[in-house]
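Q: Please walk me through one helix in close detail, and then, for contrast, one residue in a loop. Which residues face inwards, and what do they touch?

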Amino acid sequence: MPAFPKAAHDAVRDTTLRGNLRHATHTIRAKRAHAVAEVSDWAELREAGKRIKDHTLRHLDRYLVQVEEAVTAAGGVVHWAADADEANRIVAELVRATGESEVVKVKSMATQEIGLNEALEAEGIHAYETDLAELIVQLGRDRPSHILVPAIHRNRGEIRDIFAREMGEWGRPAPEGLTDSPAELAEAARLHLREKFLRAKVGISGANFVVAETGTLVVVESEGNGRMCLTLPETLISVVGIEKIVPTWQDLEVFLQTLPRSSTAERMNPYTSMWTGTTNSESDSDSDSDSADGPKNFHLVLLDNGRTDTLADEVGWQALRCIRCSACLNVCPVYERAGGHAYGSVYPGPIGAILSPQLRGTESEIDASLPYASSLCGACYEVCPVAIDIPEVLVHLRERVAQGGTVTREGAKVVLKPAKGHAAERAAMRAARWAFSRPGVLRAGQRLASRTRRLHPRTLPGPGRAWSGSRDLPPVPAEPFRDWWQRTNGGKTDGGKGGAE
Amino acid sequence: MSSRDVILGRVRRALADVPPDETPYERALPRTYLREHGERSVAQTVELLAENLADYRAVVHRCATVPELSALIAGLLAGRGARSVLVPPGLDEAWLAGTGADVTRVADRAESTAAELDRVDSVVTGCAVAIAETGTLVLDGSPDQGRRRITLIPDHHICVVRVPDQVVGSVPQAVERLAPRRPLTWISGPSATSDIELDRVEGVHGPRTLEVVLLGGV
Ligand code: SF4
């Protein structure tokens, strides 16, 4: 895996990718602003979201046990997975126990993070992705590039070619004479996947939220493939990061307002499914009864895989508040130019830059370079519906990479040596060079970092400190972030005259 | 040591420095956000529901009485050439009184396979709650709504909302009314995707046509 600057360098030269990304991020960004403006109490909802998550994380042991009790009482089975291998092993065993060799899957970051599809494949179990974008990615033997629209790097012509070429190999072939109209492409996907939904015996999902007091799981989606996977199979296995818990049923009223508006910029996403254990009717625990609704067997796999280590970090733990809305990607000037693949992880963009190095540690070159994949402009913090101070965590992680210090790995405190001047320096320098060759990125960084946030007084930390010592940092501009953002149409016009699309 | 103990142990060690705080949750979390956005009369709330449903491409109809409703439903089914319709066990029979014998009524039975349901053209249900601010219908598996899959597999869903009783203004008001342990499906417009160059396309897997009937004198 190349370090971020190298990967980004290649990506910015890919003009198709850049065009697609620019179109996508700018479209969603504008729509989001509109959707957020519709609710006058956005600031209060954001604050409540932040506090709910913080409270949960600070009492996580208690809430984990409560989830286990509630899900078990509702007829589900709870499994605990300390790392990716263990989670994959548990899921593979559960699938094997059903005697099936095929499963249908709902898009889930957690299962991508642990490489579940590959692990199942190695066990002779084939996992079908059913989200349209994931299907495009899977058929194209590709990697996702955006949390919400993973195939954003593909345009319709490429999608048509992938469908025409690959669908037949996996199941029902694409119709003859398929054109590149989105409606036709969606119809081809509908037909191709329906065959799989109707015969699937095992479904695998993640979850957006788990309610501790009731044991209820929530999946938010648009297409209906989630509903298919959650209700038709006999066995449902949900792999969920331990940070997805909220304490009470009422807490959902906050996130069901902030998540759709932040992610797809809709008042509400088309479908949200909520189920509790082997959901029958309210008081009914007999799944053979006539009111049985949905899978007879439900398994919840609670996943750690670096989350407890992240929780132990006094600054970085706030990354666990993330509800994966992807708003921070869409406003990030670095993401817009570099694309999702450059981040070398399932979590791209600003959140990826702080989450991946914490979940995986900063030993590898890509993870050591990720904290530098930012201009610290602060736009990500402004849009984040749970107010994660991403720039603060980035700066903190840069310090850690450069100066070393105590971190927690797999539950044990270890002292990281300062990266012997080399790896980190190199990563930082390459990131810096990359930014400096792109005036828009840097300018965004300088202007924004300076005025709007308490980050201001800090000089470039870590390797940047030595580096800024030998260079003149451009002066702090007088213009605040918001003004700049509006005047330049989100950095698109590089600080020149204002202009709209 | 089990992984359960390992994970809980790691969490407790990670939180060891956090000062103990036994503030009850209700007080730890001041809910300063609004219960509802803006002030509306009952009629305005119903109107907003209709607008937002239509905005997300549901087809909205209104009926004052049950006889009108049964004629409307018959017309909607005939208009699509539906030959079969799924009927949840507790659906008011009068709603389908206008529908002729040429449309086969299919019961929502536990034994039905997904492939059988795939051959049914339409489904008619009630709902638990409708949310005006977001244009959302919530189904909770009550007898007039049936199992989750019957509103998923057919390509045409007619959902009847009793107004104003079943209409709430906002998401918080809906959450307050719903029973969390029931199987819940929140529906806002027909199935959609924006995965191809962000062009919105209706209907990938769920019903491609969602018709909502607002039943009542408001
Ligand atoms: S960090 Fe915030 S803005 Fe980014 S995906 Fe997570 S919740 Fe959304």
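The answer below starts with the helix and then turns to the loop.

A: Happy to! This is a predicted model, in which local features need pLDDT of at least 70, side-chain atom pairs count only at pLDDT 80 or more, and totals for chains, interfaces and linings use all residues. Residues are numbered from 1 along each chain as its sequence is written, chains are lettered from A and ligands numbered from 1 in the order written, and side-chain values use heavy atoms, without hydrogens and water.

Helix H3 of chain B covers residues 42-55 (helices are DSSP runs of H or I, at least four residues; strands are E, at least two). Its end C-alpha atoms lie 20 Å apart, which agrees with the 20 Å expected for 14 residues at 1.5 Å a residue (1.5 Å times one less than the number of residues).

The buried residues (under 20% relative accessible area, 1.4 Å probe, protein chains only) of H3(B) are B:Thr45, B:Val46, B:Leu48, B:Leu49, B:Ala50, B:Asn52 and B:Leu53. These buried residues pack (heavy atoms within 4.5 Å) against strands of chain B: E1 (59-63), E5 (129-131), E6 (136-139), E8 (167-168) and E12 (209-215). Just after H3(B), B:Arg57 has a positive phi of about 65 degrees.

Now the loop: in chain A, A:Pro173 lies between helix H9 (156-170) and helix H10 (182-199). A:Pro173 counts as exposed because its relative accessibility is 51%, with the cut-off at over 50%. Beyond its neighbours within four places in sequence, A:Pro173 is in contact with A:Met167 and A:Gly168. A:Phe163 is ten residues away from A:Pro173 in sequence, with 8.0 Å between their C-alpha atoms.
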